[in-house]
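Colleague: Could you take a close look at one part of this model for me, the surroundings of the ligand, and then tell me how that part fits into the rest of the fold?

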Amino acid sequence: MPTFVAWVADHGVDRDVGFVTIERQAESSAEVRCVAVHRDFGGRGIGTRLLSHAEYRLAGSGVRSVSVKLPAFSKPDAEHTRNLHFFESRGYARREEANARVPDATYLTHVKVINPGDAETGA
Ligand SMILES: CC(C)(COP(=O)(O)OP(=O)(O)OC[C@H]1O[C@@H](n2cnc3c(N)ncnc32)[C@H](O)[C@@H]1OP(=O)(O)O)[C@@H](O)C(=O)NCCC(=O)NCCS
């Protein structure tokens, strides 16, 4: 499972501060299994750059569709709302369950279409 790690130099020592893990599902599709950034480094664009870099690498290897599953809460908490905002504002759109390959009431699937020419942004 491809994993990309972000690090920062902290007093001359590289410190891992975040990662994104991807599962390749088929020739042209992949799923973001987890993207996480250490809370001390949140809100600095690291999560965006990790996601952008993963998409760039996937686009270069033939992937055209990247998905992410988020838990479906009847009453979303603040963290879930932030996560939803994070993915939606980075181009991930809710896939209607009727079109989903495997409808699942537990998760909401969001999908982003990526293109071979997509430039890596923010990295
Ligand atoms: C979601 C997450 C990866 C974002 O990483 P980040 O480095 O803080 O993200 P960035 O700085 O690139 O972007 C910040 C954006 O994410 C949103 N965000 C989501 N969760 C956030 C958090 N805990 N702290 C700060 N911003 C958060 C902000 O609203 C902001 O949106 P905007 O730029 O459109 O206004 C990070 O908050 C995290 O590790 N969360 C816990 C793990 C998790 O739930 N992952 C998602 C499901 S796999």
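Modeller: Sure, and a general number to begin with: among the contacts in the protein chain with a separation of 6 or more, 53% are between residues 24 or more positions apart. Keep in mind that this is a predicted model.

Now to the ligand. It is surrounded by 16 residues, and the closest are Val37, Gly42, Gly47, Thr48 and Arg82. Two or more residues of that shell come from each of S3, H1 and helix H2 (78-88). By type, the shell splits into eight polar, six nonpolar and two charged residues.

Val37 is a good place to zoom in. This residue sits in strand S3, and it counts as buried because it has 20 C-beta neighbours inside 10 Å, where 20 or more is what the label takes. Leaving out residues up to four places away in sequence, Val37 touches Val17, Gly18, Gly42, Ile46 and Gly47. Two of those names, Gly42 and Gly47, are also on the list of residues closest to the ligand. As for Gly18, its C-alpha is 4.0 Å from that of Val37, although the two are 19 residues apart in sequence.

Stepping back, the protein chain has two helices and six strands, and along the sequence they come in the pattern β-β-β-α-β-α-β-β. The six strands make an open sheet with mixed pairing, in the order S1-S2-S3-S4-S6-S5. Its edges are strand S1 (3-10) and strand S5 (93-94), each of which pairs on one side only. At the S5 end, the partner is strand S6 (residues 107-113), and the two pair in the antiparallel sense over two bridges. Arg94 stands opposite His110 in S6.

Both helices lie across strands of that sheet. H1 lies across S1, S2, S3 and S4, at about 40° to S2. H2 lies across S4 and S6, and runs at about 170° to S4.

H1 also matters for the packing. The largest nonpolar core has 18 residues, and Val20, Ile22, Val32, Leu50, Ala54 and Leu58 are those with the most contacts inside it. Strand S2 (13-26), strand S3 (29-37), helix H1 (46-60) and strand S4 (65-71) each supply at least two of the core residues. H1 gives the most, with five residues. Take Ala54: outside its sequence neighbours up to four places away, this residue touches Phe4, Val20 and Ile22. So S3 and H1 turn up twice, since each gives two or more residues to the shell around the ligand and each supplies at least two to the core. Over the whole protein chain of 123 residues, 20% count as buried.

For a contrast with Val37, try Gln25, which lies in strand S2. Gln25 counts as partly exposed because it has 14 C-beta neighbours inside 10 Å. Apart from neighbours within four places in sequence, Gln25 is in contact with Ala30 and Glu31. Val66 is 41 residues from Gln25 in sequence, and their C-alpha atoms are 9.5 Å apart in space.

Methods
Residues are numbered from 1 along each chain as its sequence is written. This is a predicted model: local features need pLDDT of at least 70, side-chain atom pairs count only at pLDDT 80 or more; totals for chains, interfaces and linings use all residues. A nonpolar core is a set of buried Ala, Val, Leu, Ile, Met, Phe, Trp, Tyr and Cys residues joined through C-beta atoms within 7 Å. A residue is buried if 20 or more other C-beta atoms lie within 10 Å of its own, exposed if 12 or fewer, and partly exposed in between; C-beta atoms are placed from the backbone. Helices (H or I, at least four residues) and strands (E, at least two) are DSSP runs, numbered from the N terminus. Two residues are in contact if their C-beta atoms, placed from the backbone, lie within 7 Å. A residue is near a molecule or strand if its C-beta atom, placed from the backbone, lies within 6 Å of it. Ala, Val, Leu, Ile, Met, Phe, Trp, Tyr, Cys and Pro count as nonpolar, Asp, Glu, Lys and Arg as charged, and the others, Gly among them, as polar. Two strands pair if DSSP finds at least two bridges between them. Axes are lines fitted to C-alpha atoms, for helices over the stretch in contact, and angles run from 0 to 180 degrees between N-to-C directions.
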